[in-house]
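This report walks through selected side-chain contacts and strand pairings. Please keep the sequence and the structure open while reading.

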Amino acid sequence: WSSDVCSSDLDPPPGWPLDPAFIPPGALPKTFTYRNVGEVESRGIELSWNAAWTERLSTTLSWTLQDEPRVDDGGAMPPVLVNEPPGNMAGFLIAYSGPRVKASGSLAWAEQSYWADVLDPSWAGTTDSYLLVGGSLAVMLAQSDWELLLEGTNLLDEPVQQHLLGDVIRRQVVLSARWRFGGG
C-alpha cells in the first residue's frame, strides 16, 4: 500500500482508529442497497400429539406438511430463488423417567428440500430426505449426586445434511458424567 492514497477514496467511518492509508481501496463501502422484488406466501400445518401413559412413560408424535411456497416476483430478472422446506416432516419421541434411570428414543424424518443462498445464487441445491434415530440413557449412581449419561445421535450413521450449507451429521455417541450441585 502506498501512503499517497487519497483519503477521499477510502473515506473511513467516523471514529476509525487506524490511519486511512492502511485501508485497501473499496474495503469500506459507503452504501448498501436492496430492493424488494415480490412476495412469497408459505402455507402449512403442524400437528402434534403428546401422551403421558403413566407418571413415568410419555410419547410425542408430530407431523408437519408445508406447501411449496408461492412466489410473485413481479417478473424480476433473474427470477428470485426461494427456499423450499421439506414438504413433509415427522417425529416420534418416547421417554421414560424413573427414580434412578431416564431413557429416551427418537425418530425424525424429513423429505428432500431446496435451499438457495440469497447472497450467492450459485449456492443452491437440493438436500436428500433423511431419517435420524437418536437415544439416551441416564443413570443416577446409588446414593450420590452423580449421573452417567449416554447419548447417541444419528445411530444409523447415514450421512445427513439438513441444509445445503449445513454440516453433514454422522453418528455421534457421547458418554458424560454429571454432578448435581447442591444435592437437588
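## Thr-127 and its surroundings

The side chains of Thr-127 and Ser-113 are joined by a polar contact of 2.7 Å. The model is a predicted one. Thr-127 belongs to strand β8, which covers residues 124-127.

Is Thr-127 buried or exposed? Thr-127 counts as buried, because its relative accessibility is 5% and the buried class takes in values under 20%. Beyond its neighbours within four places in sequence, Thr-127 touches Gln-112, Ser-113 and Trp-115 among others. Its contacts also include Gln-161, Gln-162, His-163 and Leu-164. Ser-113 thus appears both in this contact list and as the partner in the polar contact.

## Arg-43 in its loop

Arg-43 sits in the loop between β1 (39-41) and β2 (44-52). Arg-43 has a relative accessible area of 47%, so this residue is partly exposed.

Which residues does Arg-43 contact, leaving aside its neighbours within four places in sequence? They are Leu-65, Gln-66, Asp-67 and Arg-70. For Leu-65, the C-alpha atom is separated from that of Arg-43 by 8.6 Å. Along the chain, Arg-43 and Leu-65 are 22 residues apart.

## The link from Arg-43 to Glu-41

Arg-43 also has a polar contact, side chain to side chain, with Glu-41 at 2.8 Å. The pair forms a salt bridge as well, and its closest N and O atoms are 2.8 Å apart. Glu-41 is partly exposed, because its relative accessibility is 36%.

## Salt bridges elsewhere

How many salt bridges does the structure hold? There are 4. One of them is the Arg-43 to Glu-41 pair described above.

Another joins the side chains of Glu-147 and Arg-178, at 3.7 Å from N to O. Glu-147 lies in strand β10 (residues 146-153) and Arg-178 in strand β11 (residues 172-179), so this bridge ties together parts that are 31 residues apart in sequence. The two partners fall into separate accessibility classes: Glu-147 is buried, with a relative accessible area of 10%, whereas Arg-178 is partly exposed at 43% relative accessibility.

## A bridge within a loop, and a network

Arg-170 and Asp-157 form a salt bridge too, with 3.1 Å between the closest N and O atoms. Where do Arg-170 and Asp-157 lie? Each is in the loop between β10 and β11, so the pair ties together parts that are 13 residues apart in sequence. Arg-170 is partly exposed at 41% relative accessibility. Asp-157 counts as partly exposed at 22%.

Salt bridges with shared partners also build a network, which joins Glu-41, Arg-43 and Arg-70. Arg-70 was named earlier among the contacts of Arg-43.

## The β2 and β3 pair

β2 follows the loop that holds Arg-43. In which sense do β2 and strand β3 (residues 57-66) pair, parallel or antiparallel? The pairing is antiparallel and runs over 9 bridges. A hairpin of 4 residues connects β2 to β3.

Within this pairing, Glu-46 stands opposite Thr-64 in β3. In a regular strand, side chains alternate between the two faces of the sheet. Leu-65, a contact of Arg-43, falls within the residue range of β3.

Definitions and conventions. Residues are numbered from 1 along each chain as its sequence is written. This is a predicted model: local features need pLDDT of at least 70, side-chain atom pairs count only at pLDDT 80 or more; totals for chains, interfaces and linings use all residues. Side-chain values use heavy atoms; hydrogens and water are left out. Helices (H or I, at least four residues) and strands (E, at least two) are DSSP runs, numbered from the N terminus. Buried means under 20% relative accessible area, exposed over 50%, partly exposed in between (1.4 Å probe, protein chains only). Contact means heavy atoms within 4.5 Å. A polar contact is a pair of N or O atoms within 3.5 Å; within protein, one must be able to donate a hydrogen and the other to accept it, and residues adjacent in sequence count only if both atoms are side-chain atoms. Two strands pair if DSSP finds at least two bridges between them.
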